[in-house]
Each structure stands twice: as structure tokens, then as C-alpha cells.
Amino acid sequence: MSVNVMGEFIGALLILLGGIASVISVFGLIRLPDVYTRSHAATKSSTLAVLLTLSGTFLYFLFREQFVSVRVLLGIVFVFLTAPVAGHLLVRAAYRSKVKLADISTEDALHEVLYTNETENDGSSDKS
């Protein structure tokens with residue numbers, strides 16, 4: 001077995017693992033209870049799925065046709081940097097829009113940090 005065949009095999013295996021991670025991501029989106037945990041499933045596992053698929057594509061074309069695709073490398077970097085940030089901003093917007101947590105959530109530590117001034121102002125206006 002030559003190095004090129006092994007490289008193609010590793011690339012195809014990474015693409016297959018990316019597809020499996022994508023399916024797992026979909027199950028997380030369907031089964032999880034609220035927007036916060038669904039966003040976690042969407043950003044973490046689907047980012048992993050895309051990175052595995054793009055890495056496999058890069059390796060496959062590198063070993064199959066000795067072609068280095070700068071576009072695929074830029075796609076890997078772009079997805080790695082932007083997907084987690086976009087997921088964080090979406091969850092932050094949902095939290096600030098006061099989307100409720102799931103009933104099984106035990107703690108909301110961010111509420112004390114963000115809304116301390118509102119509760120103090122509400123309490124002081126009632127005393128006047």
C-alpha cells in the first residue's frame with residue numbers, strides 16, 4: 001500500500017467521521033430542551049463536523065491529485081474562528097431577550113451579574 005492510498009484513506013475516514021458528528025449534532029438539536037443547550041449542540045458538534053469534513057477533503061485532494069487547496073485551508077480557519085463566536089452571540093442575544101431557561105436548569109449565575117442594577121432601581125423606586 002502506497003503513501004497516496006493511505007492518505008486518501010485517512011481523508012475519506014475524516015470525511016466519514018465528519019458526517020457522523022453532523023448526525024450527532026442533529027440529535028442534540030432535536031433532543032435538548034432549550035435554546036441554550038441546543039446552541040451548544042449546534043456550535044460545538046457541527047463545528048467539529050465541518051472541520052473534520054474540510055480536513056478530510058484537504059487531505060484527500062493533497063494525496064489524490066497533489067493539490068494544495070488554499071480555499072479549503074481558509075475555510076477551516078474561518079469556520080474555526082467564526083462558528084463558536086456566532087453561537088456565543090446568538091445565545092447572548094437570546095439571554096438578553098429573556099428567553100427562559102429549561103425547567104431542569106439549576107442555576108442562573110448570569111442573572112445576578114446582568115440584572116443587579118435593575119432590581120436595585122426597582123426596589124428604590126418602591127420605597128419612595
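**A walk along a helical chain**

Start with the overall spread: the chain has a radius of gyration of 22 Å, whereas a compact globule of 128 residues would come in near 14 Å. (That radius is taken over C-alpha atoms, and the globule rule is 2.2 Å times the number of residues to the power 0.38.) Along the principal axes, the C-alpha atoms fill a box of roughly 85 × 30 × 15 Å.

A quick word on what you're looking at. This is a predicted model, where local features need pLDDT of at least 70 and side-chain atom pairs count only at pLDDT 80 or more, while totals for chains, interfaces and linings use all residues. Residues are numbered from 1 along each chain as its sequence is written, and side-chain values use heavy atoms, leaving out hydrogens and water.

Now follow the chain itself. You'll find 5 helices and 0 strands, so to speak α-α-α-α-α from the N terminus on; helices (H or I, at least four residues) and strands (E, at least two) are DSSP runs, numbered from the N terminus. Among contacts with a separation of 6 or more, 62% join residues 24 or more positions apart, contact being heavy atoms within 4.5 Å.

How much of the chain is tucked away? Of its 128 residues, 23% count as buried, meaning under 20% relative accessible area (over 50% is exposed, in between is partly exposed; 1.4 Å probe, protein chains only).

For a close-up, pick Glu8 in helix α1, which covers residues 3–31. Glu8 is buried, with a relative accessible area of 18%. Setting aside neighbours within four places in sequence, Glu8 is in contact with Tyr60, Phe63 and Arg64.
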